[in-house]
Amino acid sequence: MASKENRRITDVGTLKALAHPLRMKLYRALIVARAATASQLGEQVDEAPSLVSYHLRKLAEHGLIEEAEARSGDGRERWWQPASDGISIHDEDFRDAPERAAAHTAAARLFFEQRNEMYRRFLDERGHWGAGWNDAVHDSETLVKLTAPELAQLNKDMQDLLKKYDEQGRAREAAGDTQGREHVALHVYGFPFRP
């Protein structure tokens, strides 16, 4: 992987490349798998490998993913991996022009819809996860009164905590501690509202 840090997306072209429904699914699948072929990803998203390859190349054109070292002896397989540990997209980078702001809003809506779909799928399959996972699942809403700087600090604190757990989990998995380890999605939204 080229970088261990998150990549901050600031240009509309890269944002639009990622904000395609299939490409975002492919990017998310690569983050989870860490490396995969178009055929493997095609099975996950139920699309033809040729279509998946096209969209992977588009993600690569924008530096979001890169070719990875082959994981099998089949030289015809092209392996892909994320170019960084993740991405971040900030409103402040897109509010300087109406078309940039509109592209950011459209991307944010797509990401929100896909995250909702992930949670809906879990709710539909909840009975298959067993008591341990169902007891561990967290779903809550907290309404607090903060200033914008306090919300920004809360976000930073949560990101730092998530990074700590991610690093611990990866290290334990690398050391062979894989029993009971599953992929976990944590979606957090912090935004102002007026009742």
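A nonpolar core, as I shall use the term, is a set of buried Ala, Val, Leu, Ile, Met, Phe, Trp, Tyr and Cys residues joined through side-chain atoms within 4.5 Å. With that in hand, let me turn to the structure, which is a predicted model.

In the largest such core there are 25 residues, and those touching the most other members are Leu-18, Leu-26, Leu-41, Leu-56 and Leu-59. At least two core residues come from each of α1 (12-18), α2 (21-33), α3 (38-45), α4 (49-61) and α5 (98-125). Which helix supplies the largest share of this core? That is α2, with 6 residues.

Consider Leu-18 more closely. Beyond its neighbours within four places in sequence, Leu-18 contacts Ile-9, Arg-23, Met-24, Tyr-27, Leu-59, Leu-64, Ile-87, Ile-89 and Phe-111.

I now move to the chain as a whole. It holds 7 helices and 5 strands, in the order β-α-α-β-α-α-β-β-β-α-α-α. Of its 195 residues, 24% are buried. When contacts between residues at least 6 apart in sequence are considered, 65% of them join residues at least 24 apart. The C-alpha atoms occupy a box of roughly 60 × 50 × 30 Å along the principal axes.

As to annotation, an unreviewed UniProt entry places the feature "domain: HTH arsR-type" at residues 13-96. That segment is 48% helix and 15% strand, with its end C-alpha atoms 15 Å apart.

Finally, the surface and the charges. The accessible surface is about 13600 Å², with 51% belonging to carbon and sulfur atoms. The chain carries 28 positive and 32 negative side chains, and the centres of these two sets are 3 Å apart.

Methods. Residues are numbered from 1 along each chain as its sequence is written. This is a predicted model: local features need pLDDT of at least 70, side-chain atom pairs count only at pLDDT 80 or more; totals for chains, interfaces and linings use all residues. Side-chain values use heavy atoms; hydrogens and water are left out. UniProt positions are given in the numbering used here, feature names are shortened, and annotations may be inferred rather than shown by experiment. Helices (H or I, at least four residues) and strands (E, at least two) are DSSP runs, numbered from the N terminus. Buried means under 20% relative accessible area, exposed over 50%, partly exposed in between (1.4 Å probe, protein chains only). Contact means heavy atoms within 4.5 Å. Accessible areas come from the Shrake-Rupley method with a 1.4 Å probe; for residues, only the protein chains shown count as cover. Lys and Arg count as positive and Asp and Glu as negative; His and the chain ends are not counted. The place of a charge is taken as NZ of Lys, CZ of Arg, CG of Asp or CD of Glu.
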